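Hi,

Here is the structure I said I'd pass along. Have a look at it first, and my notes on what turned up follow underneath.

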Amino acid sequence: MEYLRLGSTGLKVSRICLGMMSYGDPAHRAWSLPLDDARPIVKHAVDSGITFFDTADMYSRGASETITGQLLSELFADREDYVLATKVYFPMSERPNDSGLSRKHIMASIDASLKRLGTDYVDLYQIHRWDYQTPIEETMEALHDVVRAGKARYIGASSMYSWQFAKAQYVAEANGWTKFVSMQNQVNLVYREEEREMLPLCADQGVGVIPWSPLARGLLAGTRERGGTANTVRAGSDPVIDVLYSDNDFDIVDVLREVAAKRDLPPAQLALAWVLRKPEVTAPIIGATKTKHLDDAIAAVDVELGDEEVTALETPYRPRPISDHE
């Protein structure tokens, strides 16, 4: 396993980040794995050298954080041996103040997350989306206070417009507050809109990029076929797939499969290798419900794509509307 600094910080993370959204309450998501089913997969990740783990309070309404905290405490002898990230923004209940990025919600949410995770601090505390109802000054000051209180070491952001990210960074710098060190956005072969502004912005500002859904929620790994045919439980029960992707994306999937066949490699490995080769990317976040998913992700770190292969993979792409920024 390789380890890189997260952006321009001194924090070192594994080249692959294990996304913990797959572990939680099956009643919340049919494809979520409960604690005992998640344990061997997370252990395999740890044994393979993965030290970076990402979750969020809203995954299974807190169950993912609970499982994450329990497993990491079992599998690591020292809290300093792993990097733990979680997120805040999405509703945790129907109560009016139990969502968003107000000072009230951030302060309550970090304490609730730490309790579920069973730790005194998270290494990376991220805003899950942009809050259009809360002044960014209020949000950035609250996040700064979370860091000053020792409850988070760093702060990060997730999918938003580049102007929003730049504004947040400006507000923090102008007031002497903590700035974001990472951007968790969607980057994969079928969604490349972040290449236009966000990735160059992050490269210029020394912000680490930790993409979510580098396999397009399994689409690039072969979990679905044209017409919506599902090959896995998640592919058949995850409505977000239909929101983010369409049959048009199979023009890219077909080419990926052809290139992978010539290399005698799983398509997932090549799709991840394409993400990993981007200089702005520190560590893609991968979901795993089988140990094979981890093995493919780890193997992708050593896969080198030739110029002709990259051209073949990128040529079918067509510009598309910005998605999932709200």
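**Around strand β7**

Tyr-125 sits across from Ile-155 of β7. Before going on, keep in mind that this is a predicted model. The strand that pairs with β7 here is β6 (residues 122-127), and the two run parallel, joined by 5 bridges. To get from β6 to β7 the chain goes through helix α4 (residues 136-148), and that β-α-β crossover is right-handed.

β7 has a partner in β8 (residues 180-184) too: 4 bridges, again in the parallel sense. Ile-155 turns up here as well, with Phe-180 as its bridge partner in β8. The connection is another β-α-β unit, made of β7, helix α5 (residues 162-175) and β8, and it is right-handed.

How many residues of β7 are buried? Of the 7 residues in the strand (152-158), 5 are buried, so β7 is largely enclosed by the rest of the structure.

**The whole sheet**

Zooming out, β7 belongs to an open sheet of 8 strands, and the pairing is parallel. If you want to trace the sheet on screen, the order is β9-β8-β7-β6-β5-β4-β3-β10. β9 (208-209) and β10 (285-287) are the edge strands, each pairing on one side only. As a general reminder, strands of a sheet pair through backbone hydrogen bonds.

Elsewhere in that order, β3 (residues 17-19) and β4 (residues 52-54) run parallel and are joined by 3 bridges. Leu-18 has Phe-53 as its bridge partner in β4.

**Rings and charges**

Phe-53 is worth a second look, since ring pairs link Phe-53, Phe-76 and Tyr-82 into a cluster. In total the structure holds 5 aromatic pairs. One of them is Phe-76 with Tyr-82, a tilted pair with 4.9 Å centre to centre and 40 degrees between the planes. Are those two rings' residues buried or exposed? The cut-off for buried is under 20% relative accessible area; Phe-76 comes in at 13%, so Phe-76 counts as buried, and Tyr-82 is at 8%, so Tyr-82 counts as buried too.

Two arginines lie over ring faces, in case you care about cation placement:

- Arg-153 lies over the face of Tyr-121, at 3.6 Å from the ring centre.
- Arg-192 lies over the face of Tyr-317, at 5.0 Å from the ring centre.

Cheers

Notes: Residues numbered from 1 in each chain as written. Predicted model: local features only at pLDDT ≥ 70, side-chain atom pairs only at ≥ 80, totals over all residues. Heavy atoms only, no water. Buried < 20%, exposed > 50% of the residue type's maximum accessible area, 1.4 Å probe, protein only. Pairing = 2+ DSSP bridges. Right-handed = clockwise from strand over helix to strand, strands pointing away. Phe/Tyr/Trp six-rings, centres within 6.5 Å; stacked < 30°, edge-to-face > 60°. Lys NZ or Arg CZ within 6 Å of the ring centre and 35° of its normal.
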